[in-house]
Amino acid sequence: MPIRYSVDALPAFSVDPEQFDVLQSARHFREYLLEAIRKATTRIYIVALYLEDDDAGREVLAALYEAKLRNPDLDVVVCVDWHRASAWFGWRDKIKGQRRVLSGLC
């Protein structure tokens with residue numbers, strides 16, 4: 001028999017709605033991400049399904065490298081789903097190359 005929880009019984013925490021930004025498009029997301037990378041002083045953690053090998057993906061990688069060059073103590077971690085990305089594109093060599101490129105940030 002499945003265990004059922006009421007929504008009220010689930011763990012939760014309150015968040016001020018004013019602390020949220022709603023990004024209306026992929027362009028707004030990219031701009032927000034690039035600005036956050038530029039402003040980072042302590043750490044950058046990015047978790048993504050994959051980084052596309054296109055202008056936007058290369059722009060994100062370039063921003064990460066520039067941030068690390070400006071601040072060598074900056075903790076940069078990028079996690080991509082190797083299995084999902086390689087299955088999605090069918091490009092295992094490309095994903096392995098991405099791993100090599102990203103490992104240079106650490």
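Here is a friendly exchange about salt bridges and a pocket in this predicted model.

Modeller: Residues are numbered from 1 along each chain as its sequence is written, and side-chain values use heavy atoms, with hydrogens and water left out. Because the model is predicted, local features need pLDDT of at least 70 and side-chain atom pairs count only at pLDDT 80 or more, while totals for chains, interfaces and linings use all residues.

Biologist: Happy with that! What makes Glu 59 and Arg 30 a salt bridge?

Modeller: The term asks for a side-chain nitrogen of Lys or Arg within 4 Å of a carboxyl oxygen of Asp or Glu. In this pair the closest N and O atoms are 3.0 Å apart, so the pair meets the rule. By that rule the count comes to five salt bridges.

Biologist: Which helices does the pair Glu 59 and Arg 30 link?

Modeller: Glu 59 sits in helix 2 (residues 55-70) and Arg 30 in helix 1 (residues 26-39), 29 residues apart, so distant parts of the chain are linked. Helices here are DSSP runs of H or I with at least four residues, and strands are runs of E with at least two, numbered from the N terminus.

Biologist: Why is Glu 59 called partly exposed?

Modeller: Buried means under 20% relative accessible area, exposed over 50%, and partly exposed in between, using a 1.4 Å probe and protein chains only. Glu 59 has 35%, so partly exposed is the right label. Arg 30, at 27%, is partly exposed as well.

Biologist: And why is Lys 39 called exposed?

Modeller: Its relative accessibility is 58%, so Lys 39 counts as exposed. Lys 39 forms a salt bridge with Glu 35, with the closest N and O atoms 3.6 Å apart. Glu 35 and Lys 39 are four residues apart in helix 1, about one helical turn. Arg 38 joins Glu 35 and Lys 39 in a network of salt bridges.

Biologist: Lovely. What makes a space a pocket?

Modeller: On a 1 Å grid over the protein atoms alone, a pocket is an open set of points with protein on both sides within 12 Å along at least five of seven lines, and lining residues have an atom within 4 Å of a point. The largest pocket is lined by 14 residues, with Phe 29, Leu 33, Leu 51, Ala 56 and Val 60 nearest its centre. Helix 1 gives the most to this lining, with five residues.

Key
1 Å grid on protein atoms, 1.4 Å probe; cavity = no way out; pocket = protein on both sides within 12 Å on 5 of 7 lines; lining within 4 Å.
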